[in-house]
Amino acid sequence: MATTTLHARIDTDLKNAAESIFAQLNLSPTDAIKLFYKQVELQGGLPFELKVPAKVQAEQKLFAEIECGAKSAEDSGWMSISESKRSLGL
């Protein structure tokens, strides 16, 4: 079987943390990469689900609600924050 070389740039802290775990599993980084690639091949995609973390989803929802509330207030004739500051001399 022919082999090829793979070059990748990765954050040093992430690399060290992952390699520490690989060592506990008695895997070299090369073995871990081979396992990952094999699972991608076998599953026809990534061997895990990709999703936005719950904290990020909550933040996005909060910002959307704040934006919606601000728009609603302005549509109702309320002053925008910048207009309020201006009227108060801030």
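In this predicted model, Glu-19 and Lys-15 are separated by about one helical turn, because the two residues stand four apart in helix α1. Their side chains meet in a salt bridge, with 3.1 Å from N to O. Glu-19 is partly exposed, since its relative accessible area is 27%, and Lys-15 is likewise partly exposed, at 35%. Both values fall between the 20% limit for buried residues and the 50% limit for exposed ones.

A search of the whole structure finds two salt bridges, and the pair in α1 has a counterpart in helix α2. There, the side chains of Glu-41 and Lys-38 meet at 2.7 Å, again taken from N to O. These two residues are three apart in α2, which is about one turn of the helix. Glu-41 counts as exposed because its relative accessibility is 54%, a value over the 50% cut-off. Lys-38, with a relative accessibility of 43%, counts as partly exposed.

Helix α2 is a good element to follow next. The helix covers residues 29–43 and contains 15 residues. From its first C-alpha to its last, α2 reaches 21 Å, close to the 21 Å expected at 1.5 Å a residue. Just after the helix comes Gly-44, which has a positive phi, near 70 degrees.

Another positive phi appears in the loop between α1 and α2, where Asn-26 is found. Phi of Asn-26 is near 60 degrees, and here the positive value belongs to a residue other than glycine. Asn-26 is exposed, as its relative accessible area is 70%.

The largest pocket of the model holds about 960 Å³ of space. Its lining is made of 21 residues, and those closest to the pocket centre are Leu-6, Pro-29, Thr-30, Ile-33 and Lys-34. Two elements, α1 (12–24) and α2, each give two or more residues to this lining. The greatest contribution comes from α2, with nine residues.

Some of these residues also help to form a feature of the surface. Leu-6 and Ile-33 belong to a nonpolar surface patch of about 710 Å², together with Phe-36, Tyr-37, Leu-46, Phe-48 and Leu-50. Within this group, Tyr-37 has its place in helix α2. Tyr-37 is partly exposed, because its relative accessible area is 49%, which lies under the 50% limit for an exposed residue.

Further along the chain, helix α3 takes in residues 54–75, and Phe-63 is one of its residues. Phe-63 is exposed, given a relative accessible area of 54%. The separation between Phe-63 and Leu-90 is 27 residues in sequence and 24 Å in space, taken from C-alpha to C-alpha.

Key: Residues numbered from 1 in each chain as written. Predicted model: local features only at pLDDT ≥ 70, side-chain atom pairs only at ≥ 80, totals over all residues. Heavy atoms only, no water. Patch = residues over 30% accessible without salt bridge, like charges linked within 9 Å, V, L, I, M, F, W, Y side chains within 5 Å. Areas by Shrake-Rupley, 256 points an atom, 1.4 Å probe, with all protein chains shown as cover. Salt bridge = Lys/Arg side-chain N within 4 Å of Asp/Glu carboxyl O. Buried < 20%, exposed > 50% of the residue type's maximum accessible area, 1.4 Å probe, protein only. Expected span 1.5 Å × (residues − 1). 1 Å grid on protein atoms, 1.4 Å probe; cavity = no way out; pocket = protein on both sides within 12 Å on 5 of 7 lines; lining within 4 Å. Points joined across faces, edges and corners; volume = space filled by probe spheres on them.
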